[in-house]
Amino acid sequence: KAKGLGKNQYCVYTDEMGIKEVRKMELEKDLQHALEQNQFYMVYQPKWNVKTDKLCGFEALIRWNHPRLGIVLPGEFIPIAEETGLIIPMTTWVLEEACRQCKSWGTKGFTQPISVNLSARLFETDQLAELILNVLGKTCLEPNLLELEITESMFFNDINDIIRQLEIIRNMGVRISMDDFGTGYSSIGLLDRIPIDALKLDRLFTVDIDHPSKRAIVHAIILMAEKLHLDVIAESVEQQDHIDKLNELGCYVVQGFFYGKPMRDEKISQYMKEVLQFA
Ligand code: C2E
Ligand code: MG
Ligand code: MG
Ligand code: MG
């Protein structure tokens, strides 16, 4: 019986592998045309300041509406876009969309920054600063309303070159934050050299905030950030209890399903109407 079961499991396993591989091949092929066929769209997730009880920004997150497979999440297609180099035109599009959106919110009275995620590959072109400058010019967005999210893993190679490019961008007035902080190749020793304005605590810290050891690490990160004049924002905040515990440790800016899921622009306008009434 065990033998039969083993055989069955083997079959199921190879079938699943097949499905995954076929899907990846389909995504790889179709991703090349996704941009020109307008299959990408942006969603925006609110950032909330618990102390002032006010909306304090949005993060722009990309979605792919695949004609056959439906909505595909970035975790699945960003690695493919990075491999194929498509990440560069894609990010150019994302930056323009996000900046245009933020500019239009500004005209409605909401002037808070929008953040955009960057991939390491953008720094390889050595034209990132120029790209940012062009996008800001084209959309007429004030530079201090744009924030770029980078990750620790970008500093694996070529630290000095990335720091040089970031300095140029930050000198334009654009904010930089370190995303998923605490999970990558630890960059603690570099935090006083990398030009950043904020740390985004990885979701693992929020999810495990009940564990005393994780809480100790979060507390230490917050104290360190204060000394380095860095803001701290926690991601993936889903429950009141997460917020209370983060507040106890001194973190007051949060992002997560508790205050709002990532939403399309129509929904965001509705959300902002409701929220700005209280503001
Ligand atoms: P990230 O920058 O760390 O973004 C946060 C992710 O957490 C988002 O997933 C968001 O939907 C999800 N999230 C937010 N609040 C909660 C919560 O309360 N609970 C849970 N369980 N999840 C929450 P998403 O949109 O699937 O994006 C995944 C990652 O893909 C992002 O992680 C970012 O690294 C990358 N990404 C997204 N958009 C872009 C883009 O335009 N360019 C690049 N290069 N990367 C992007
Ligand atoms: Mg991010
Ligand atoms: Mg993050
Ligand atoms: Mg994350």
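**View 1. Asn-117 counts as partly exposed, at 29% relative accessibility, and is one of the protein donors of the magnesium ion (ligand 2).** This and the following views show a predicted model. Along with the OD1 atom of Asn-117, the ion is held by Glu-59 (OE), Glu-149 (OE) and Asp-179 (OD), and these donors lie 2.0 to 2.2 Å from the metal. To find them along the chain, look for the spacing E-x57-N-x31-E-x29-D. Because Glu-59 sits in strand S2 (residues 54-66) and Asn-117 in strand S4 (residues 114-117), this pair ties together parts of the chain that are 58 residues apart in sequence. Glu-59 is buried, with a relative accessibility of 4%.

**View 2. Asp-179 and Asp-180 link the magnesium ions.** Start with Asp-179, which bridges the magnesium ion (ligand 2) and the magnesium ion (ligand 3), 3.6 Å apart. Asp-180 then bridges ligand 3 and the magnesium ion (ligand 4), and here the two ions lie 3.0 Å apart. Ligand 4 is coordinated by Asp-180 through OD and by Glu-235 through OE, at 2.1 to 2.3 Å. Asp-180 belongs to strand S6 (residues 175-181), while Glu-235 is in the loop between strand S8 (231-234) and helix H9 (240-248), so the two residues join parts that are 55 residues apart in sequence. How exposed or buried are they? Asp-180 counts as partly exposed, at 27% relative accessibility, whereas Glu-235 is buried, with a relative accessible area of 12%.

**View 3. Ligand 1 is surrounded by 22 residues.** Coming nearest to the ligand are Arg-63, Asn-117, Asp-179, Glu-238 and Phe-257. You will recognise Asn-117 and Asp-179 as donors of the magnesium ion (ligand 2). In the side chain of Asp-179, an N or O atom is 2.8 Å from an oxygen atom of ligand 1. Arg-203 places a polar side-chain atom 3.2 Å from a nitrogen atom of the ligand. Glu-235, which also coordinates the magnesium ion (ligand 4), has a polar side-chain atom 3.4 Å from an oxygen atom of ligand 1. How much of the ligand does the protein cover? On its own, ligand 1 has 800 Å² of accessible area, and the protein covers 81% of this.

**View 4. Gln-255 sits in strand S9 (residues 253-255).** Gln-255 is buried, with a relative accessible area of 2%. Its side chain makes a polar contact of 2.8 Å with the side chain of Lys-200. Leaving aside residues up to four places away in sequence, Gln-255 touches Gln-45, Pro-46, Lys-47, Glu-59, Lys-200, Ile-233, Ala-234, Glu-235, Ser-236 and Val-237. Two of these neighbours are worth a second look, as each coordinates a metal: Glu-59 is a donor of the magnesium ion (ligand 2), and Glu-235 is a donor of the magnesium ion (ligand 4).

**View 5. Helix H2 (residues 74-84) has a buried side and a face turned away from it.** Which residues of H2 are buried? They are Pro-74, Phe-77, Ile-78, Ile-80 and Ala-81. Viewed down the helix axis, these buried residues fall within an arc of 165 degrees, so they line one face of H2. A reminder helps in reading the pattern: an α-helix has 3.6 residues a turn, so residues three or four places apart point the same way. On the face turned away from the buried side, H2 carries the exposed residues Gly-75 and Glu-83. After H2 comes Gly-85, with a positive phi near 90 degrees.

Terms used
Residues are numbered from 1 along each chain as its sequence is written. Chains are lettered from A and ligands numbered from 1 in the order in which they are written. This is a predicted model: local features need pLDDT of at least 70, side-chain atom pairs count only at pLDDT 80 or more; totals for chains, interfaces and linings use all residues. Side-chain values use heavy atoms; hydrogens and water are left out. Donors are N, O and S atoms within 2.8 Å of the metal (3.2 Å for Na, K and Ca); water is not among the atoms, so sites may look incomplete. Helices (H or I, at least four residues) and strands (E, at least two) are DSSP runs, numbered from the N terminus. Buried means under 20% relative accessible area, exposed over 50%, partly exposed in between (1.4 Å probe, protein chains only). A polar contact is a pair of N or O atoms within 3.5 Å; within protein, one must be able to donate a hydrogen and the other to accept it, and residues adjacent in sequence count only if both atoms are side-chain atoms. Contact means heavy atoms within 4.5 Å. A residue is near a molecule or strand if one of its heavy atoms lies within 4 Å of it. Accessible areas come from the Shrake-Rupley method with a 1.4 Å probe; for residues, only the protein chains shown count as cover. The arc is that of the directions from the helix axis to the C-beta atoms.
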